[in-house]
Amino acid sequence: MDWGTVTTEDLIEALREVEWSSPPRPFSEFFSRFTFPRSYSKWNSRLKCNLYYYRTNYFIMIVAILALGFLRKPLAIVAALLTALSIAFLNDSFAGTFSEKVTRTVRQFSPHLAAKMRPALTPVIRGRPSTKRAIFICGRPRWVFVFVFSMVSFFLWFVSCGLLTVLWAFGIGLLATLAHASFRSPNLKARLNTFREEFRAVWRNYSEL
């Protein structure tokens, strides 16, 4: 795959739809080999490839940096977790997995309530959905959870007086991610993994027809 031809919009869309349930890459691989990119095109391709391949590592790294910045502020730690959840809900795979696990847990105590948490069925016309599949969490549109979690986390940031600290911590996390993605040399395993996930995506789209 030529990452140089991938646009930022394509990368964001891929990160939104990709499976996030896979574990992070091993530290021995994450901190393996670093080289300086030879040109802007090489850097651009390397950056997109690493952001996609090490996405889980970067997410954990940013959350860890935020948590370290608020060890003495419990409310800020809760706010960081809620902020991480609101961002994770933007991923289709995470939102679906979270909704399914919550529904299964509720079903053990109240099957009637769990039935109400199921999303409405999408009408099908000639074997295909009539509209683009919407993402629901516990029977409610995804944006409701993203909005509520974002508002609650913002309130906790304000109460804990940690807005300035979170900006610094988040900025450090982004800079660390950018530095690693820029200088970590893409390996053959990353390229093979990309091809495998591309095949899975094509096969999934084919099976939905």
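A residue is termed buried here when its relative accessible area is under 20%. The structure is a predicted model. In helix α4, the residues that are buried under this criterion are Arg-55, Thr-56, Asn-57, Tyr-58, Met-61, Ile-62 and Leu-66. Across the protein chain, 33% of the 209 residues count as buried.

**Overall architecture**

- The protein chain contains 10 helices and 4 strands.
- In sequence order, the elements follow the pattern α-α-α-α-α-α-α-β-β-β-β-α-α-α.
- Among contacts in the protein chain with a separation of 6 or more, 80% are made by residues 24 or more positions apart.
- The protein chain has an accessible surface of about 13,900 Å², and carbon and sulfur atoms account for 69% of that area.

**Helix α4**

- Helix α4 covers residues 55-68, a run of 14 residues.
- Its end C-alpha atoms lie 20 Å apart, in agreement with the 20 Å span expected at 1.5 Å a residue.
- The buried residues of α4 include the polar residues Thr-56 and Asn-57 as well as Met-61, Ile-62 and Leu-66.

**Nonpolar cores**

- In soluble globular proteins, nonpolar side chains tend to be buried together.
- The largest nonpolar core has 20 residues, of which Leu-66, Phe-89, Ile-137, Phe-145 and Trp-157 touch the most other members.
- Two or more residues of this core come from each of α4, α5 (74-88), α8 (142-159) and α9 (163-183).
- The greatest contribution to this core is that of α8, which supplies 5 residues.
- A second core, separate from this one, comprises 7 residues, among them Leu-47, Tyr-53, Tyr-58 and Ala-181.
- Leaving aside residues up to four places away in sequence, Phe-145 touches Phe-89, Ile-137, Cys-138 and Arg-140.

**Surroundings of Glu-29**

- Glu-29 belongs to helix α2, which spans residues 27-30.
- The relative accessible area of Glu-29 is 10%, so the residue is buried, given the cut-off of under 20%.
- The side chain of Glu-29 forms a polar contact with the side chain of Tyr-53 at 2.7 Å.
- Tyr-53 is also one of the residues of the second nonpolar core.
- Glu-29 and Arg-184 are separated by 155 residues in sequence, while their C-alpha atoms are 9.8 Å apart in space.

Notes. Residues numbered from 1 in each chain as written. Predicted model: local features only at pLDDT ≥ 70, side-chain atom pairs only at ≥ 80, totals over all residues. Heavy atoms only, no water. Buried < 20%, exposed > 50% of the residue type's maximum accessible area, 1.4 Å probe, protein only. Contact = heavy atoms within 4.5 Å. Areas by Shrake-Rupley, 256 points an atom, 1.4 Å probe, with all protein chains shown as cover. Expected span 1.5 Å × (residues − 1). Core = buried A, V, L, I, M, F, W, Y, C linked by side-chain atoms within 4.5 Å. Polar contact = N/O pair within 3.5 Å; in protein donor to acceptor, adjacent residues only side chain to side chain.
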